[in-house]
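Work through the exercises below with the model open beside you, and try each task before you read its solution.

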Amino acid sequence: MDTVASVCALTVSLAAAVGVFARVFSSIAAIRKGQQCLLRQQMLEVYYKCRESRTIRQYRYENFAMSYHAYKALGGNSFIDHIKQEVDDWEVIS
């Protein structure tokens, strides 16, 4: 009987651990999606602010490039690739 009780206790513990893992994984996925949205919004803000003049300050371009790489690392889609290609053609000013 002690073996059966031990197996039951272990099973309950494993089920609880799986439940906790599922909640943590879900939270991490939500944070990643939120970060993607913030990065995309930040890049689009720079794009729309600078697109008429087709010039971009160096610090702003560097931030844009870092945001782009982070966005892609988080699994961001190809929509922003077209924006990045256009920004890369702009004049970078100091």
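A nonpolar core is a set of buried Ala, Val, Leu, Ile, Met, Phe, Trp, Tyr and Cys residues joined through side-chain atoms within 4.5 Å, where buried means under 20% relative accessible area and exposed over 50%, with partly exposed in between (1.4 Å probe, protein chains only). This is a predicted model, in which local features need pLDDT of at least 70 and side-chain atom pairs count only at pLDDT 80 or more, while totals for chains, interfaces and linings use all residues. Residues are numbered from 1 along each chain as its sequence is written, and side-chain values use heavy atoms, with hydrogens and water left out.

**Exercise 1.** Find which residues of the largest nonpolar core touch the most other members.

*Solution.* Begin with the core itself, which has 15 residues; Met43, Ile56, Phe64, Ile80, Ile83, Val87 and Trp90 touch the most other members. Next, ask where the members come from: α1 (2-50), α2 (58-73) and α3 each supply at least two residues, and the largest share, six residues, comes from α1. Helices here are DSSP runs (H or I, at least four residues), numbered from the N terminus.

**Exercise 2.** Describe how the buried and exposed residues are placed around helix α3 (residues 79-88).

*Solution.* First list the buried residues of α3, which are Ile80, Asp81, Ile83, Lys84 and Val87. Seen down the axis of α3, these buried residues fall within an arc of 165°, so they line one face of the helix; the arc is that of the directions from the helix axis to the C-beta atoms. Finally, the face turned away from the buried side carries the exposed residues His82 and Gln85.
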